[in-house]
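Me: I have a model open and would like to go through the reasoning behind its labels. Could you help me with that?

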Amino acid sequence: CVIIANAALVGVEIQWQATNLGMSVPLSFFLMRQFCTLVFIVEFVLRLRAFGFGGLVCGHHVGWNVFDAIMMVTMVFESTLDTLDQLISSEGGTGGTSALGQLR
């Protein structure tokens, strides 16, 4: 559910960027992406605590669990880049969209 909401958010943000060329992305998109990342981390940690590490890597849904772990690491990495991008753009830098976010 979080992945679908985040994918929809990315689509809306890219559409906004395409129709507002040259304008900086509103802070609301950044905050929503950060919220999605936080929810996804909390969800993953709760599953890890409920099933344990062995349950996640040896259970029936090991493929989905590995996929979720890769998505979580990617989202945390992108979130870190987005935060640095926001700090740079707030200090007068150019800022911009993360290439990793566009790839995702």
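**Reading the labels**

Reply: Happy to! Keep in mind that this is a predicted model. From the N terminus on, its elements run α-α-α-α, and the protein has 4 helices and 0 strands.

Me: Why is V57 called partly exposed?

Reply: V57, found in helix α2, has a relative accessibility of 36%. Buried would need under 20% and exposed over 50%, so with 36% V57 counts as partly exposed.

Me: What makes V57 eligible for a nonpolar patch?

Reply: Patch residues need over 30% relative accessible area and no salt bridge. V57 has 36%, and V57 is listed in the patch with L48, F53, V62, V66 and I70. Together these residues have about 500 Å² of accessible area. Both α2 (27–58) and α3 (62–90) supply at least two residues each.

Me: How do you know that F29 is buried?

Reply: F29 belongs to the largest nonpolar core, and a nonpolar core is by definition a set of buried residues, so F29 must be under 20% relative accessible area. This core has 10 residues in all, among them V2, L9, C36 and M75. Two or more residues come from each of α1 (2–19), α2 and α3, and α2 gives the most, with 5.

Me: What does L9 touch, leaving out residues up to four places away in sequence?

Reply: L9 touches F29, M32, R33 and C36.

Me: And what share of the protein counts as buried?

Reply: Of its 104 residues, 26% count as buried.

Definitions and conventions. Residues numbered from 1 in each chain as written. Predicted model: local features only at pLDDT ≥ 70, side-chain atom pairs only at ≥ 80, totals over all residues. Heavy atoms only, no water. Patch = residues over 30% accessible without salt bridge, like charges linked within 9 Å, V, L, I, M, F, W, Y side chains within 5 Å. Areas by Shrake-Rupley, 256 points an atom, 1.4 Å probe, with all protein chains shown as cover. Salt bridge = Lys/Arg side-chain N within 4 Å of Asp/Glu carboxyl O. Buried < 20%, exposed > 50% of the residue type's maximum accessible area, 1.4 Å probe, protein only. Core = buried A, V, L, I, M, F, W, Y, C linked by side-chain atoms within 4.5 Å. Contact = heavy atoms within 4.5 Å.
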